Amino acid sequence: MLEILNSIDAFVWGPAMIVLLLGTHVFLTFKTGFIQRKLPQAIRMSFRKDPQGKGDISNFGALATALAATIGTGSIVGVATAVLAGGPGAVFWMWITGVFGIATKYVEVYASVKYRVRDHAGNMLGGAMYVWERAFKKEDGRTPWWAKLGAVAFAAFATVATIGTGSAVQASAMTGIIASSVPVPTWAIGIGIVVLVSVVIFGGVRTISNVCEKLVPVMAVAYAGGCLVILALNAPVVGEAVALIFQCAFTGKAAFGGAVGSGIMMALQFGCARGLFSNESGLGSAPIIAAAAKTRNPAEQALIAMTGTFWSTVVICVLTGIVLVSTMIANPGIQADILANPTLFSGAELASAAFSKIPYIGTPILVLGMVAFSYSTILGWSYYGNRCVTYLFGRRAIRPYQVLYVAVAFLGAIGVGDVMWTVSDIGNALMALPNIVAILLLSGLVARGTRHYVYDGCLDEVDEDPIPVVESK
């Protein structure tokens, strides 16, 4: 079974997907006039409250919830997996995916906010499914079959992806890191995860947002600070580690005795796959929560949302990658372990081995970071699934979905292994396809809006377009 899934994973994340993903990132970077140069302004905007904005939660609340969903196991174990399978060069391609992916995050959030809707209770709903529904409507108000297909495909694939990426994978990673440090049975950890997740997600989007607003800044700053301390301890080999990352990215050089990495294509594949897993640019997930933000116009929230890609990949993932590679160089024993078990050594074990070599602070940083990151990701992705099942089946499906979501978290805690990582990679690719097609089709519209709001100095302008109310099922 795992062999079949790995074959599917290799196919969907093959050259075609890499070209589509990176090509979209680069194309939208040019189309938006290099929107990345507005990053300093966007970071400043993300900390302000906008009383004139229309929405359910604050700008920062939406960003924090999206970051909660993105800064997860992909930022630690995902990076380690990429280094193990694709070599140190994968870190470079992760970084490239993050830098250019900022433009894609901007465009997909712009579209989601522009085409968001309300339900009869007044709650904001958004995401690629509503973009497909509204952006391509005919003059008579009907949605073409192909647009409806795009909407349903995205919502269906996203629902499946939330179960794997958001629930099972995160619970599995959290349990693995706790169990390796504290002698606690996995079923007990699983019950603890279910309880901690349930008390938040059953409270709705505002409860999730409030928790993430408080949790995300603390955990991200603490983890980044710990990584900087580790890099200071590894200072003599940090330069060598960075050089090795660049060398392996462009030459396909195998690292660490030939045990890690097997060519430029592998570095590209795993760097791009884990890069998307960590920042979700092009995936279509973050726009779902961004649509609920209190914002004056689509460009305002799109600018704020694009900072999430910068923090999650350009900062957190790159820090983790340099920490792992430099620690492996400084500790040849880790290389020996990989050579002894080249097929059994997992990303989680590599991360644990690397961080454990740092006296006193290494293991605590990894354990606390993994637990906090995984927990916040479970919360964030539960909201994505909530909105997708609402689109597909109506509000009556929310409670059954939430019950299934926490049940799968328990199953992930008691043992899923590498299967769910592979399933999640496949789900992410299938979810990304309809989202990428939609934003490419709308790139001209977003570019015109960006010129007006961002480059003509109209960011304070309130978008007066009416937000339609959708029928509740």
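Colleague: At roughly what angle do the axes of helix H8 and helix H17 cross, and within what distance do they come?

Modeller: Happy to help, and do keep in mind that this is a predicted model. The axes of H8 (residues 145-179) and H17 (residues 362-393) cross at roughly 155° and come within 8 Å.

Colleague: Why is H8 called roughly antiparallel to H17?

Modeller: Angles over 145 degrees count as roughly antiparallel. The crossing here is roughly 155°, so H8 is roughly antiparallel to H17. As for its hand, H8 passes H17 in a left-handed crossing.

Colleague: What kinds of residues make up the contact of H8 with H17?

Modeller: The contact divides into 24 nonpolar, 9 polar and 1 charged.

Colleague: And why is H5 called oblique to H14?

Modeller: Let's set the value against the cut-offs. The axes of helix H5 (residues 77-86) and helix H14 (residues 298-330) cross at roughly 50° and come within 9 Å. Roughly parallel needs an angle under 35 degrees, and roughly perpendicular runs from 65 to 115. An angle of roughly 50° fits neither of these classes, so H5 is oblique to H14. H5 passes H14 in a right-handed crossing.

Colleague: What makes the pair Asp465 and Lys114 a salt bridge?

Modeller: A salt bridge needs a side-chain nitrogen of Lys or Arg within 4 Å of a carboxyl oxygen of Asp or Glu. For Asp465 and Lys114 the N to O distance is 3.8 Å, so the pair meets that cut-off. The two residues are 351 residues apart: Asp465 sits in the segment after helix H20 (443-455), and Lys114 in helix H6 (residues 89-114), which links distant parts of the chain.

Colleague: How many salt bridges does the structure hold?

Modeller: The structure holds 5 salt bridges.

Colleague: Which residues form the nonpolar patch on the surface?

Modeller: Trp187, Ile191, Val195, Val199, Leu411 and Ile414 form that patch, and together they have about 590 Å² of accessible area. Helix H9 (186-201) and helix H18 (398-415) each give two or more residues to the patch. H9 supplies the largest share, 4 residues, and Val195 lies in that helix.

Technical notes: Residues are numbered from 1 along each chain as its sequence is written. This is a predicted model: local features need pLDDT of at least 70, side-chain atom pairs count only at pLDDT 80 or more; totals for chains, interfaces and linings use all residues. Side-chain values use heavy atoms; hydrogens and water are left out. Axes are lines fitted to C-alpha atoms, for helices over the stretch in contact, and angles run from 0 to 180 degrees between N-to-C directions. A crossing is left-handed if the near helix is turned anticlockwise from the far one by less than a right angle, and right-handed if clockwise. Ala, Val, Leu, Ile, Met, Phe, Trp, Tyr, Cys and Pro count as nonpolar, Asp, Glu, Lys and Arg as charged, and the others, Gly among them, as polar. Patches are made of residues with over 30% relative accessible area and no salt bridge: like charges are joined within 9 Å, nonpolar side chains (Val, Leu, Ile, Met, Phe, Trp, Tyr) within 5 Å. Accessible areas come from the Shrake-Rupley method with a 1.4 Å probe; for residues, only the protein chains shown count as cover.
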